[in-house]
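This report describes how one predicted protein model is put together, moving from its nonpolar interior to its sheets and its surface. Please read it alongside the sequence and the coordinates.

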Amino acid sequence: MEYFADNYDVIVIGAGHAGIEAGLASARLGCKTAVFTINLDWIGNMPCNPSIGGTSKGHLVREIDALGGEMGKAADRYSIQSRMLNLGKGPAVHSLRAQIDRREYSKGMKHTLELQENLDVKQAEIVDIFRNGDGLWRLKTKLEALYISKAVIIATGTFLGGRVYIGDVSYESGPDGMFPATELSKALKKLNIPLRRFKTGTPSRVNRRSVDFSKTEVQEGDEHTVPFSFETKTPPQNKVCCHITYTNEKTKEIILANLHRSPMYSGKIEGKGPRYCPSFEDKIVRFSDKQRHQLFIEPCGIETEELYLQGLSSSLPEDVQIAFIHTIPGLENAKVMRTAYAIEYDCVDPTALKATLEFNGFDGLYGAGQFNGSSGYEEAAAQGLVAGINAALKIKGKAPLVLDRGGSYIGTLIDDLVTKGCSDPYRMMTGRSEYRLVLRQDNADVRLTPTGYEIGLISEERYRRFLKKQEAVRAERNRIENTSVAPTEALRRALEECETAPITKSCRIIDLLRRPRVTYEVLKEADVTRPNLPDDVLQQVEIAVKYEGYIAKQEQQIKEMRRLESKKIPENLDYSSLKGLRLEAVEKLSKIRPENLGQAGRISGVNPADVTALNIILESL
């Protein structure tokens, strides 16, 4: 029999990476919050890669931390190997990536939720969601408990209508053998929420004792590690090694001979898979000219012998998986502990959402994470944080948080989803941002900490430390502009090693730093007046000096973008009644309902002439 259980300000459905950030943000902003999960022991689970960060994803984690989120601090606590990627390229694409002890991360995140004031964590499956005339949301569990909430955040990951595929075998399931959420899909469809099917997958796990590492390449962590969180004082330690191996022609032969047994190629899987993280059989077909593919063998934790085979995601039958794994150097006798699988699930068309991640036409209902059509733990956490903040701000009667493309990768991610939509699981990449030289991981605190402080997620103490760091950056910039070094023999040798011309008379430090290969490290002996400053302060000064012209150009482009974004569009504007707009533009604008002129211009099917016409119409209103 149905019974009333409790009232909340905010209810979060799901306790993956999106649900964690949403619940913590809402509770920390003073809202009575509940987070529901199908299994308490799987909070913050990593059903795929046991890692956090990577190209562009490291940027997202830094931004989450700068706003006051939890992922960066947790990743630092449970990191077992840390590497900064793309150091051979410019600073815009430098990205931190860490191997994580997945079970310790999950356990730690569960405890963080349990300790949080204003937050209840509950193991229950939500099977129905609806709203009565009072505007409040009602959620019913499988055990017929009824909860009432002012706002709801759906962060169901891949559980919603989840179905696993391994060859000819198919069954309803969430990731890692968990129960799926089947009834909630039906409830959302009754609300006319636009759902569709996506697909993702994960590789096999093998036992470390069965791997011959002498046939693989060792991949060490960085000698000097860097934390994700601006609050972490002691950099993480490297505790494990990863390894690299390669597939071969025999691997390819086995897969091609069994392609007809893949549910992806037989038509059993209807959902669209991730373009930039395809299954291994898909890679073999799409890149048929490649003789081999690189694989990474990555530990899943300290207290486990499970190893993750990154790059070997598959939905082929178990016997085929074992056969092709045994063709790979080092894995000839590998014992498979978990079989790779594909999982198909329901998610929403994200163009049904506003930039706040609230649904158009559903007051107080938000979406976050893979439910919104994205992929990746970092993308999920970023959306969860924004959804949690906005749900709390709405309840408090405050203005919403909308991050734009010029200020963060989070803003780019959300704008891409709600404005352009996605036909396959969306993955963040540095190439998606027009302003990536400004949106670097090293300056995420500069861009977003003031916002986190204003919202209320950054403490007074942390904000004072941030201001002190910024003052140190300004003082150091002033010093190098007004300090010169003499042409000593040591400086001459240092400059020649950088393949740059020596100086013949005193030269300002800032002018030397502007040279491509000259760094603070190169100048350390000549620059005798340099104060003892942290590496992150010197890094920000050096990057700002070297890329000054390019940064100024991008900042001007951001200024123009924000000028267009300042031209707001009335929420209930009837586009069909406007003259001067093409029919396709009317259709797209009516569906997505952009909040401003800048967003309207980024909608596929809305051309510059439509934007000009819309601008004229807005000025006449």
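Which residues have the most contacts inside the largest nonpolar core? They are Ile129 and Leu188, in a core of 104 residues. A nonpolar core here is a set of buried Ala, Val, Leu, Ile, Met, Phe, Trp, Tyr and Cys residues joined through side-chain atoms within 4.5 Å, where buried means under 20% relative accessible area, exposed means over 50%, and partly exposed lies in between (1.4 Å probe, protein chains only).

The model is predicted, with local features requiring pLDDT of at least 70 and side-chain atom pairs counting only at pLDDT 80 or more, while totals for chains, interfaces and linings use all residues. Residues are numbered from 1 along each chain as its sequence is written, and side-chain values use heavy atoms, with hydrogens and water left out.

**The core and the overall fold**

Helix H10 (residues 377-395) supplies the largest share of the largest core, namely eleven residues. Once residues up to four places away in sequence are set aside, Ile129 touches Trp137, Arg138, Leu139, Val152, Leu184, Ala187, Leu188, Leu191 and Leu365, a contact being heavy atoms within 4.5 Å. In soluble globular proteins, nonpolar side chains tend to be buried together.

The protein has 20 helices and 22 strands; helices (H or I, at least four residues) and strands (E, at least two) are DSSP runs, numbered from the N terminus. Its radius of gyration is 26 Å, close to the 25 Å that the globule rule gives for 621 residues, so the protein is as compact as a globular protein of that length. The radius is taken over C-alpha atoms, and the rule is 2.2 Å times the number of residues to the power 0.38. The C-alpha trace spans about 85 × 70 × 50 Å along the principal axes. Of the 621 residues, 58% count as buried, and among contacts with a separation of 6 or more, 73% come from residues 24 or more positions apart. The accessible surface comes to about 26,400 Å², of which 50% belongs to carbon and sulfur atoms, as computed by the Shrake-Rupley method with a 1.4 Å probe, where for residues only the protein chains shown count as cover.

**A four-stranded sheet**

One open sheet has four strands in the order S11-S10-S19-S12, with antiparallel pairing; two strands pair if DSSP finds at least two bridges between them. Strand S11 (169-172) and strand S12 (195-202) are the edge strands, each pairing on one side only. Neighbouring strands of this sheet are turned by 25° against each other on average, direction ignored, with axes that are lines fitted to C-alpha atoms (for helices over the stretch in contact) and angles that run from 0 to 180 degrees between N-to-C directions.

Strand S10 (residues 163-166) is joined to S11 by four bridges, and the two strands form a hairpin with two residues between them, where Gly167 in the turn has a positive phi of about 60°. Within this pair, Arg163 stands opposite Glu172, and Ile166 stands opposite Val169. S10 is also joined by three bridges to strand S19 (residues 341-348), in which Ile343 is the bridge partner of Val164.

**Further strand pairs**

A second open sheet has three strands in the order S3-S5-S4, again with antiparallel pairing. Strand S3 (51-53) and strand S4 (79-85) stand at its edges with a single partner strand each, so one side of each is left without a neighbour in the sheet. Here neighbouring strands are turned by 20° against each other on average, direction ignored.

Strand S16 (residues 294-299) is mostly covered, with five of its six residues buried. A hairpin joins S16 to S17 through six residues. Ile297 in S16 is the bridge partner of His243, and Leu309 in S17 is in turn a bridge partner of Ile297. The table sets out three antiparallel pairs.

| Strand pair | Bridges |
|---|---|
| S3 and S5 (residues 95-100) | Three |
| S15 (residues 242-246) and S16 | Four |
| S16 and S17 (residues 306-310) | Four |

In the S3 and S5 pair, Ile52 stands opposite Ala98.

**An exposed loop residue**

Is Gly177 buried or exposed? Gly177 counts as exposed because its relative accessibility is 67%. Gly177 is found in the loop between S11 and helix H5 (183-190), and its C-alpha atom is separated by 22 Å from that of Asn372, which lies 195 residues apart along the chain.
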